[in-house]
Amino acid sequence: RLVHFTARGCSDPLAALALFDEWQRVLSTGGPPAAAQYAQAQRASYKRLSEIEYLSRELSSRLKRERLESGLSLPPPGTSAADGGPNLLTLQALLCAAFLPNLALGRTTCPPAVLADIARHRLDPSRTVAFIVGSGSQGGAHLTQANLAAALKPCGKLEQSIISKSRVHVNGALSLQTSAVLSFASQEGALLALRMAGMRGSLPVPLTGADGTTRQPVGTAWLQAPQYACRLRFQRLTCLEDAAAVAPPEPAAGGVEGAAPAGLAAAHDDAGESAEVLPVDQVWHSGSAVLSAAEPSPEERLLLATAWSRAGYRKKLLAHGATLLPAKPAGAAQLLALTFSRHVRLLAPPADAAPAAGGAIAAQVADGERAVAFALPWLLRRADLDAINELRAALSGSVGERPAADGEPAAAIQLRLMKLLVEKRPQLSEGLAAMAAAIAADAPNLNCGEWPSTLLPPIGEPAG
């Protein structure tokens, strides 16, 4: 399942699509027994896959009938999924058109001490995970690389493990702490180690005898609090609920699992409505349980979800059907969010700091309650805005009442999208980038009011 996820743009819906396509191929070549075996190996339901196949045939038939009734020609032969189908960016654009503005913002986060430790040992951050070794029943045995390699065998080859002790401050007093920095042969191995640690971030390691000759475990060490330099953490601004109704119980002594996270930011918009910034987690059994970047970077990333639900005493959000929007081409995620959100406001820098050519450096997209604001990595010029509005008009016409007269063929819309995504735009200077982040953070809430009758109305000029 993780292979499908990483191969299909880090998207749960697209990973499910890849699994379904492969199941159909196995069904057509090997018959129902082989397809049932494949579904079981992928922890998928054969019955559910069969229902989806029936639904897809029914939808395909209805779409063909609608096209004929609307005076649209059918797609030419040779454009089926078997011949490659839409490219990855097009599929991600379709997800954006369906589920925007369900966005969360995030970036890679890791304690500076862990980053310094990785750099000191000249390890690859994308293949390295750092753990704290918790106290356990070790039976006189010591944690060794052989113990670690055996416990982490599903993660592939463990190339190097650095086990060290240091004195750290715990509750105001110095305490001896053991840490383990593990370097794997691949980034997938590091991600699998994080997944093995589970939601609680704790992984048991059976220990052999102190002399290394005893095969039976004589104790257990616990790898806890995993830190991965490339792991992405997300958050989302949402309406503040009644604090009294969702107050968590007192945490058990020494245990904080399930307690409400501290330090949640609160905000008030111009109308006096309260909001809070909640951390976002993914559904643990999905491919998106651990989202990562190629390398540690301060670059802001966008996460798209099909829906949200509250968890952890309602002090965090779960992103269902998560899709990590692409980082390349540069600004592709922000451009997709601009192009396919219904209600958008562009934000310009102050007049005394604006570039001579003008343009927008940040944007907001509204979801009916709270607006999501984000900085743009480049200057959005008037020509770019015109091209975006032309694409929005073409897509709106294609799904309107008169698609044959007002719309454009799918190939023409896809060509417009690809031209927008690959267009070179001037990157913001460090000063403008910092200003864009500040403008996005301080922007007042965008209340969409009544939704327009047009699917994607034109985006207005940037507001200073």
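Q: Is Arg62 buried, partly exposed or exposed in this predicted model?
A: Arg62 has a relative accessibility of 45%. Buried means under 20%, and exposed means over 50%. The value lies in between, so Arg62 counts as partly exposed.

Q: Which residue forms a salt bridge with Glu58?
A: Glu58 is itself partly exposed, at 30% relative accessible area. Its partner sits four residues apart from it in helix H3 (residues 46-69), so about one helical turn separates the two. The closest N and O atoms are 3.4 Å apart, and the partner is Arg62.

Q: How far apart, N to O, are the side chains of Arg120 and Asp117 in their salt bridge?
A: Side chains of opposite charge can pair when their charged atoms come close. Arg120 and Asp117 are three residues apart in helix H5 (residues 112-120), so they are separated by about one helical turn. Arg120 is exposed at 58%, whereas Asp117 is buried at 14%. Their N to O distance is 2.2 Å.

Q: Which residues are linked with Asp384 in a network of salt bridges?
A: Asp384 is buried, at 5% relative accessibility. Its side chain meets that of a partly exposed arginine at 27%, with an N to O distance of 3.2 Å. The network links Asp384 with Arg381, Glu423 and Arg425.

Q: Is Thr238 buried or exposed?
A: Thr238 is found in strand S7 (residues 232-239). Beyond its sequence neighbours, Thr238 touches Ala275, Glu276, Leu278, Arg310 and Arg370, not counting residues up to four places away. Its relative accessible area is 14%, under the 20% cut-off, so Thr238 is buried.

Conventions: Residues are numbered from 1 along each chain as its sequence is written. This is a predicted model: local features need pLDDT of at least 70, side-chain atom pairs count only at pLDDT 80 or more; totals for chains, interfaces and linings use all residues. Side-chain values use heavy atoms; hydrogens and water are left out. Buried means under 20% relative accessible area, exposed over 50%, partly exposed in between (1.4 Å probe, protein chains only). Contact means heavy atoms within 4.5 Å. A salt bridge is a side-chain nitrogen of Lys or Arg within 4 Å of a carboxyl oxygen of Asp or Glu.
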